[in-house]
Amino acid sequence: MTQRITIDPITRIEGHLRIDVEVDGGSVQKAWASCTMWRGIENILKGRDPREGWVFAQRFCGVCTTVHAMASVRAVEDALQLEIPANAQYIRNLILIGHALHDHIVHFYHLSALDWVDITTIPKADPARAASIADGVSTWPGNSHRELAAVQDKVKGLISSGQLGIFSHGYWGHPAMRLSPEMNLLLFAHYLQALEFQRKSCQVVGILGGKTPHIQNLAVGGVMNAINLNSLATMNMDRLGTLQSLLQDLIPFVQQAYFLDACVLAASYPEWFRYGRGVTNYLAVPDLPVDAKATQFDLPGGVISNGNLASVRTISDWRDQPIRAAVAEDVTHAWYEGEGLQRPWKGKTDPNYTDFREDGKYSWVKAPRYDGAPMQVGPLSNVLVGYASGHLLTRKWTDLAFNRISAMDRGQVQIDDMQSTMGRYLARAIRSAMLSDLALKHWQLLTDNILKGDDATYNPPQFPQHEVVGVGMHEAPRGTLSHWVTVDKGTFSNYQAVVPTTWNASPRDENGVPGPYESSLLGNPVADPGQPLEVLRTVHSFDPCMACACHMLDANGRRIAKVKVL
Amino acid sequence: MRDSASSPVSVIGLGNVLLGDDGFGSMTVEVFRCAYECGPEVEIIDLGTPGLDLAPFLYGRDVVVIVDAVAAEGQPGTVRTYAESELLDFRAQLRLTDHDPGLQECLAQLRLVGRGPSEVIVVGVIPERCAFGEGISRTVLAATPLAIDSIIRVLLERGLDCRKRPQPDRPKLWWIVNPKLEDGRAYADDAPLLTC
């Protein structure tokens, strides 16, 4: 018998992401991803001054503020062919790394770990044994017997109070939860410790950006950070020192706790390397430029088709012509006016709402396509593109992850297994470990450049009297982000943002081809339709972020989401 | 640079400024910051819609005042002050994305590690409309002075210093000035009103 499950967050006044699946014989046969909130943001930017566009753009989304600000200034700089100083590249890169580490840590522990970690088994754990599991594998000091016993006491207190609070979301004891009590204790201890590191990564962004969220230091043409080694109020050795020590505190948590926890999860749930493959075309754009002209990058970009790593086409820089010609959006199944594929520079965002019609229009998300094909974006695309193109840092951390997993005696993981739900979790941890290495590198690049006597941070923009077009690319925590702008006589005449979640949460296109969320759910097991934990695992593996939250507290304490089984 | 660890008291505005009345919290704290002066122990900050990223700004605080739009029964524009126990029900939440407000979760997480704020007060307004690019409704705009009075009351009752600036700054409400939308809705012209 086919059962229909709808998971619909009925958040406050509007929801964001709705997932519908049809389950038959214990697995998903059909799936629909729908964004239930209109994103008309682009229309707000038309007619505005491009030098201020980033201030608006960073309110697109409450969580990924920085990334939109960055894509916006890069888009205008691209349109003007404006080069920015090397210091500006490094300062921007450090902000982006700080933001990404923060985002990945929060995703793993606070957004998705509890899909895999059953905290109700923690009282049964032996803290000494839990500490010994980590011994010899991790140098993380937060794995001590004493620390773990203290966390266990907290959880015991929570459970005996009968008030699990935010931890009572009901999937405890689900048959798909399989970690030992000791592993659950270890991971939950890191969940709590992560709060401290979430704060530190926030401070990294704050020191450079002036404020976080909503950094204030950007400008079309560079950054507004004044560099003067002799002034207290500017970027000086003191501030660089503070930055370095924050990074040195943060990195061990990423590489010795988060990275290894993701390996533990992968080793403990190996069947999740078989589910969630979905769309196997991957897109990543190069990021973290190491020179002023942005010709060399520390994160490689490229395109992989049909899951074949040998097919990788390198995107060597942001001036890559094929990507500019390949990206287009389809609105056949999205609540917008228009037909056929629209190029972003000509794109429109005029709403045409119908109800949720599974054979018609059913989402506010457009369907972006690359040469007509759906693409998966995100850390997995980063890792696959890097691995396929022989990028050393990607190889180093990916191979280390595979070695760790096989050392846990749970079989071998190959690069092809990464094309899965578990692969997306593991790839995010691999990317975080890589970004940690790169944080120190870019700190060094900035410091050396300043010590060399270069204090330039800004090149003023000049706006021509004719129309120019540009695209700003950024490999954001959730994947490839691009802002496409048309600038005419110093104002925006068009603005389109193709965001990572648009690629991944894409609805079907005019040919009925589903997007990555939708196709990754096919074949996904569902043991209990009333508790579709397995569906959440796959959806969460993408780190969904439906841009532009409407934000209201619910004074009536209503449930945020509901599961409806028909 | 703001050090998010230095001030024991925070006045936090939440909301999306591009979504009409949803931006009430952000607007109100900016108007408050420009019209009133507090001691160095009080940080006044607009956080937008941080979701779980709210946690670093609650970490280890003494008093936290949150200004936001609230979904509650009543007339749009009504301002209510809630103690934590009145507002927050730490009940089950199924989270699909990390956009949901996150206040309950952040507080619960921080309390578990012993770093939660001692007191949380929410100054809420009931919105009229929260739509893209439509600006704040007149009804809700008119509630701003009431909300500011509530913030001041909370601070003074706790022995904190808060006084009117002799020379108020002009609030930076950049999102309110929209050349395309000068059609009688509440925009720039209404903003100076709020500085009194």
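## Figure legends: overall views and close-ups

**Figure 1. Overall view of chain A.** Chain A contains 15 helices and 17 strands. The model shown here and in the other figures is predicted. Its scores are ipTM 0.79 and pTM 0.90. Along the principal axes, the C-alpha atoms of chain A occupy a box of roughly 70 × 60 × 55 Å. The radius of gyration of chain A is 23 Å, which agrees with the value near 24 Å for a compact globule because the chain has 566 residues.

**Figure 2. Burial and contacts in chain A.** Of the 566 residues in chain A, 61% are buried. Contacts between residues at least 6 apart in sequence are considered here: 76% of them in chain A join residues at least 24 apart.

**Figure 3. The hairpin of β9(A) and β10(A).** Strand β9 of chain A covers residues 301–305 and strand β10 of chain A covers residues 308–315; the two run antiparallel and are joined by four bridges. Strands of a sheet pair through backbone hydrogen bonds, in either a parallel or an antiparallel manner. Ser305(A) lies opposite Asn308(A) of β10(A). Two residues separate β9(A) from β10(A) in the hairpin. Asn306(A), in the turn, has a positive phi of about 50°.

**Figure 4. The sheet β6-β9-β10 of chain A and the helix packed on it.** The hairpin strands belong to an open sheet of three strands, ordered β6-β9-β10 in chain A, with antiparallel pairing. At the edges are β6 (282–284) and β10 of chain A, each of which pairs on one side only. From one strand to the next, the twist averages 20°. Helix α10 of chain A, residues 379–388, packs on this sheet and touches β6, β9 and β10 of chain A. The direction of helix α10 of chain A makes about 90° with that of β6(A).

**Figure 5. Confidence along chain B.** Chain B has a mean pLDDT of 78, with 77% of its residues at 70 or more. In chain B, helix α6 (residues 144–157) has the highest confidence, at a mean of 95, and helix α3 (residues 84–87) the lowest, at a mean of 76.

**Figure 6. Two stretches of chain B with pLDDT under 50.** Residues 1–5 of chain B have pLDDT under 50, and the model gives them 13 contacts beyond four places in sequence. Residues 178–196 of chain B also have pLDDT below 50. The stretch 178–196 of chain B has 31 contacts in the model beyond near neighbours in sequence.

Definitions and conventions:
Residues numbered from 1 in each chain as written. Chains lettered and ligands numbered in written order. Predicted model: local features only at pLDDT ≥ 70, side-chain atom pairs only at ≥ 80, totals over all residues. Rg over C-alpha atoms; globule rule 2.2 N^0.38 Å. Buried ≥ 20, exposed ≤ 12 C-beta atoms within 10 Å, placed from the backbone. Contact = placed C-beta atoms within 7 Å. pLDDT = per-residue confidence, 0-100. Pairing = 2+ DSSP bridges. Axes fitted to C-alpha atoms, helices over the stretch in contact; angles between N-to-C directions.
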